[in-house]
Amino acid sequence: MSDSSESRGAVRVLFVCLGNICRSPTSEGVFRKLLETQQLDFDIEVDSAGTAGYHVGDPPDRRATAAAARRDIDISALRARRTQVYDMETFDYIIAMDRSNYHDLIDLCPHHARGKIRLFMDFADEWDFDEVPDPYFGGDSGFERVLDMIESAAGGLLEEIKGIYGARS
Ligand code: 4NP
C-alpha cells in the first residue's frame, strides 16, 4: 500500500447495455485499449454488464468481436453478466448505452448512488446523438458505427476522469 493510487483506491467504471454481448463489452474493450496508451497516475478498473439476463455466461456477439478485432481490440474472452444492486455501490461511473438502460439502472439503484449513472454519448462531443444504438438486430455496418461512437465517447469519459482524479493528491 505504498503507492498513492493504491491508498486512494481505483476509479471503477462499469459499462452497461441490455444483453452485455454487443455495446458494453465493446466499450470495455475500447476503454481498456485507450487506458493502455495512457500514462495515468491513478488506477482505473473497467467492467461491463447487461440489464437483462438473456445472455449470461455468453461471449460477445461474433459480429462485435470481429468489428473490435479489426481495430486491434480483443474482447473474445469477456463473458456476459447481469447488473446487480451491488454494482451500484462499488462502481464510481455507471455508463448506460441508451435511455432504456439508463432508466433500468435508475430503477435498480439506491437513491444516494443515482448520480453515478450517466449516458455514454454525453461524453462524445463530436456526435449529436444521445444513445449508442443497439446493433444486435442490424447488419455489420451497425457494429462499425457503434465502434466509432464508442471510441469518441470513451475519449471524452477518460478526459473527465483524468480531470477529476488525476489532480488529486
Ligand atoms: P447489447 O445488444 O445490449 O448491445 O448487448 C443486444 C444483445 C442481445 C439482445 C438485445 C440487444 N437480445 O435481445 O437478445
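**Entry 1: Asn 20**

I looked up the burial of Asn 20 in this predicted model. Its relative accessibility is 3%, so I record Asn 20 as buried, the cut-off being under 20%. I then located Asn 20 in the chain and found it in the loop between β1 (11-17) and α2 (23-36). I also checked its backbone: phi of Asn 20 is near 60°, which is a positive value in a residue other than glycine. Asn 20 is, in addition, one of the residues around the ligand.

**Entry 2: Asp 72, for comparison**

I looked up a second residue with positive phi. For Asp 72, phi is near 65°, and this residue is likewise not a glycine. I placed Asp 72 in the loop between α3 (62-70) and α4 (85-90). Is Asp 72 buried or exposed? Its relative accessibility is 61%, and the cut-off for exposed is over 50%, so I entered Asp 72 as exposed.

**Entry 3: The ligand shell**

Which residues are around the ligand? I listed Cys 17, Leu 18, Gly 19, Asn 20, Ile 21, Cys 22 and Arg 23, then Tyr 54 and His 55, and finally Asp 134, Tyr 136 and Phe 137. Sorted by class, this shell holds 7 nonpolar, 3 polar and 2 charged residues.

I next looked up distances to oxygen atoms of the ligand. A backbone N or O atom of Ile 21 is 3.1 Å from a ligand oxygen. For Cys 22, a backbone N or O atom is 2.9 Å from an oxygen atom of the ligand. Arg 23 takes part through its side chain, of which a polar atom lies 2.8 Å from a ligand oxygen. On its own the ligand has 350 Å² of accessible area, and I noted that the protein covers 92% of this.

**Entry 4: Asp 98 and Arg 23**

I followed Arg 23 to a partner within the protein. The side chains of Arg 23 and Asp 98 make a polar contact at 2.9 Å. I found Asp 98 in the loop between β3 (93-96) and α5 (99-108). With 13% relative accessibility, against a cut-off of under 20%, Asp 98 is therefore recorded as buried.

What else lies by the side chain of Asp 98? One of its polar atoms is 3.1 Å from the backbone nitrogen of Ser 100. Leaving aside residues up to four places away in sequence, I noted that Asp 98 touches Arg 23, Leu 119, Glu 131 and Val 132.

**Entry 5: Summary of Arg 23**

I closed with Arg 23. Its side chain has a polar atom 2.8 Å from a ligand oxygen, and its side chain also makes the polar contact with Asp 98.

Conventions
Residues numbered from 1 in each chain as written. Predicted model: local features only at pLDDT ≥ 70, side-chain atom pairs only at ≥ 80, totals over all residues. Heavy atoms only, no water. Near = heavy atom within 4 Å. Polar contact = N/O pair within 3.5 Å; in protein donor to acceptor, adjacent residues only side chain to side chain. Areas by Shrake-Rupley, 256 points an atom, 1.4 Å probe, with all protein chains shown as cover. Nonpolar A, V, L, I, M, F, W, Y, C, P; charged D, E, K, R; others polar. Helix = DSSP H or I, 4+ residues; strand = E, 2+ residues; numbered from the N terminus. Buried < 20%, exposed > 50% of the residue type's maximum accessible area, 1.4 Å probe, protein only. Contact = heavy atoms within 4.5 Å.
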